[in-house]
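Student: Before we begin, I should like to see the structure and then ask how each descriptive term is justified.

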Amino acid sequence: MTAAPRVLLLEDDPAIAGTVAFALQREGFEVHHVLLAGEARTELARGRHDLLLADVGLPDGNGIDLCR
């Protein structure tokens with residue numbers, strides 16, 4: 001059995017994050033949610049995720065800059 005694809009979800013709005021995480025989990029993804037770009041940077045450095053879904057407007061930066 002293969003491991004579920006891991007998604008790092010960067011979203012500062014809990015309602016949006018909950019809805020997105022629920023939908024992804026129903027499709028078989030493992031979801032790790034973080035609230036801030038700094039937290040996402042730390043998680044990405046660990047190399048444990050297959051995909052990043054990032055909000056554009058965050059309190060400490062934006063998802064586009066993080067992807068660069």
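**Terms and their justification**

Tutor: Let us start with Arg46, which counts as partly exposed at 46% relative accessibility. This is a predicted model, and the values discussed here are computed from it.

Student: Why is Arg46 called partly exposed?

Tutor: Exposed requires over 50% relative accessible area and buried requires under 20%. Arg46 has 46%, so this residue falls in between and is called partly exposed.

Student: What makes the contact of Arg46 with Glu43 a salt bridge?

Tutor: The criterion is a side-chain nitrogen of Lys or Arg within 4 Å of a carboxyl oxygen of Asp or Glu. The N to O distance for Arg46 and Glu43 is 2.6 Å, so the pair qualifies as a salt bridge. Both residues lie in helix α2, three residues apart, which is about one turn of the helix.

Student: Is Glu43 buried or exposed?

Tutor: Glu43 has a relative accessible area of 10%. The limit for buried is under 20%, so Glu43 is buried, whereas its partner Arg46 is partly exposed.

Student: How many salt bridges does the structure hold?

Tutor: The structure holds three salt bridges. One of them joins Arg6 and Asp50.

Student: How do you know that Arg6 forms a salt bridge with Asp50?

Tutor: The closest N and O atoms of Arg6 and Asp50 are 3.7 Å apart. The cut-off is 4 Å, so this pair also meets the definition.

Student: Why can the pair of Arg6 and Asp50 be said to tie parts together?

Tutor: Arg6 lies in strand β1 and Asp50 in the loop between α2 and β3, so the pair links parts that are 44 residues apart in sequence. Arg6 has a relative accessible area of 31% and is partly exposed.

Student: What makes Asp65 and Arg68 a salt bridge, and which term of exposure applies to each?

Tutor: Their side chains meet at 2.8 Å, N to O, within the 4 Å limit. Arg68, at 74% relative accessible area, passes the 50% mark and is therefore exposed. Asp65, at 44%, does not pass that mark and is partly exposed.

Student: Which residues gather in the patch of negative charge on the surface?

Tutor: Asp12, Asp13, Glu39 and Asp60 gather in that patch. Asp and Glu count as negative, so the charge of the patch follows from its members.

Student: What makes Asp60 accessible enough to be a member of the patch?

Tutor: A patch residue needs over 30% relative accessible area. Asp60 has 36%, so the requirement is met. Asp60 is placed in the loop between β3 and α3.

Student: Why is Val34 called buried?

Tutor: Val34 has a relative accessible area of 6%, and buried means under 20%, so the term applies. Val34 is in strand β2, and its C-alpha atom is separated by 5.1 Å from that of Leu10, 24 residues away along the chain.

Student: What is the confidence of the prediction for the protein chain?

Tutor: The mean pLDDT of the protein chain is 94, and 99% of its residues reach 70 or more. Among the elements, strand β1 has the highest mean pLDDT, 98, and α3 the lowest, 90.

Methods
Residues are numbered from 1 along each chain as its sequence is written. This is a predicted model: local features need pLDDT of at least 70, side-chain atom pairs count only at pLDDT 80 or more; totals for chains, interfaces and linings use all residues. Side-chain values use heavy atoms; hydrogens and water are left out. Patches are made of residues with over 30% relative accessible area and no salt bridge: like charges are joined within 9 Å, nonpolar side chains (Val, Leu, Ile, Met, Phe, Trp, Tyr) within 5 Å. Accessible areas come from the Shrake-Rupley method with a 1.4 Å probe; for residues, only the protein chains shown count as cover. The place of a charge is taken as NZ of Lys, CZ of Arg, CG of Asp or CD of Glu. Helices (H or I, at least four residues) and strands (E, at least two) are DSSP runs, numbered from the N terminus. Buried means under 20% relative accessible area, exposed over 50%, partly exposed in between (1.4 Å probe, protein chains only). pLDDT is the predictor's confidence in each residue, from 0 to 100.
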